[in-house]
Amino acid sequence: MSRERTLSIIKPDAVRAGNIGNIIARFEREGLAIAGARKCQLSQAEAEGFYAEHSARGFFGELVAFMTSGPVVVMVLEGDDAIVRNRTIMGATNPANAAEGTLRKLYAASVGENAVHGSDSPASAAREIAYFFRAIELS
Ligand code: ATP
Ligand code: MG
């Protein structure tokens with residue numbers, strides 16, 4: 001086990017539905033602490049840069065439009081094996097395939113509007129945390 005930090009985003013659909021509190025409570029209950037958090041409205045350029053690895057995919061325009069459709073909550077979660085554990089708590093990308101009790105099963109409506117983001121590797125976590133937070137903002 002290793003102590004890790006990972007980037008989480010509560011996406012616009014979950015913010016609109018009033019699920020910020022439910023999602024943060026779930027992370028804390030599972031032993032993932034909030035090392036930093038901010039509610040913000042992403043610009044088109046910020047959303048494109050964040051999801052740059054998907055820029056050649058057919059759904060990229062839809063993804064950027066969705067991620068800029070309303071405010072999000074960007075957070076750094078910290079805990080033992082936080083990267084993989086967050087992905088497990090989130091569930092599969094498509095909520096139709098997500099396990100019972102996962103955040104996407106509970107709160108997501110479709111593969112495009114799927115409630116939460118989580119870093120998928122240590123390299124992604126490092127890049128994504130630095131994209132949104134300065135070291136002084138995390139504790
Ligand atoms: P995220 O990176 O948001 O945590 P993920 O790692 O589970 O999600 P990725 O493959 O990285 O999945 O896709 C990034 C996001 O792009 C997905 O969360 C989803 O919102 C969107 N997406 C992925 N596949 C599709 C698709 N086939 N149609 C529409 N949107 C999609
Ligand atoms: Mg991803």
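Is A115 buried or exposed? In this predicted model, A115 has a relative accessible area of 0%, so the residue counts as buried, the limit for that class being under 20%. A115 is placed in the loop that links α6 (103-107) with β4. The backbone at this position also deserves a look: phi of A115 is near 75°, which is a positive value in a residue other than glycine.

D81 invites a similar look. Here too phi is positive in a residue other than glycine, with a value near 50°. D81 lies in the loop between β3 (72-80) and α5. How does the surface treatment of D81 turn out, in terms of relative accessibility? The value for D81 is 26%, and this residue therefore counts as partly exposed, the class that runs between the 20% limit for buried and the 50% limit for exposed.

The bound molecule comes next. The space taken by ligand 1 is the largest pocket. Elements giving two or more residues to the shell around ligand 1 are α4 (60-67), α5 (82-90) and β4 (116-118). Which residues come nearest to ligand 1? Of the 15 residues around the ligand, these are K11, Y51, R87, T93 and N114. By character, the shell around ligand 1 is made up of 5 nonpolar, 6 polar and 4 charged residues.

Several polar atoms of the protein can be followed one by one to oxygen atoms of ligand 1. In T93, an N or O atom of the side chain is 2.5 Å from an oxygen atom of the ligand. In R87, a polar side-chain atom lies 2.8 Å from an oxygen atom of ligand 1. V111 takes part through its backbone, where a polar atom is 3.2 Å from an oxygen atom of ligand 1. How much of ligand 1 does the protein bury? Taken alone, the ligand exposes 570 Å², and the protein buries 81% of that.

Attention can now turn to contacts within the protein, beginning with S119. This residue is found in the loop between β4 and α7 (122-132). With a relative accessible area of 0%, S119 is under the 20% limit and so is buried. Which side chains does the side chain of S119 touch through polar contacts? One partner is E128, at 2.6 Å. Another partner is T6, whose side chain is joined to that of S119 by a polar contact of 3.5 Å.

R26 offers a second example of a buried residue with a polar partner. R26 sits in helix α2 (residues 20-29). Its relative accessible area is 14%, and because this is under 20%, R26 is classed as buried. A polar atom of the R26 side chain lies 2.8 Å from the backbone oxygen of G101.

K39 completes the tour, in strand β2 (residues 33-40). Is K39 buried or exposed? The relative accessible area of K39 is 52%, which is over the 50% limit, and K39 is therefore exposed. K39 and I10 are 29 residues apart along the chain, and their C-alpha atoms are separated by 9.1 Å.

Technical notes:
Residues numbered from 1 in each chain as written. Chains lettered and ligands numbered in written order. Predicted model: local features only at pLDDT ≥ 70, side-chain atom pairs only at ≥ 80, totals over all residues. Heavy atoms only, no water. Near = heavy atom within 4 Å. Polar contact = N/O pair within 3.5 Å; in protein donor to acceptor, adjacent residues only side chain to side chain. Areas by Shrake-Rupley, 256 points an atom, 1.4 Å probe, with all protein chains shown as cover. 1 Å grid on protein atoms, 1.4 Å probe; cavity = no way out; pocket = protein on both sides within 12 Å on 5 of 7 lines; lining within 4 Å. Sits in = over half its atoms within 2 Å of the grid points. Helix = DSSP H or I, 4+ residues; strand = E, 2+ residues; numbered from the N terminus. Nonpolar A, V, L, I, M, F, W, Y, C, P; charged D, E, K, R; others polar. Buried < 20%, exposed > 50% of the residue type's maximum accessible area, 1.4 Å probe, protein only.
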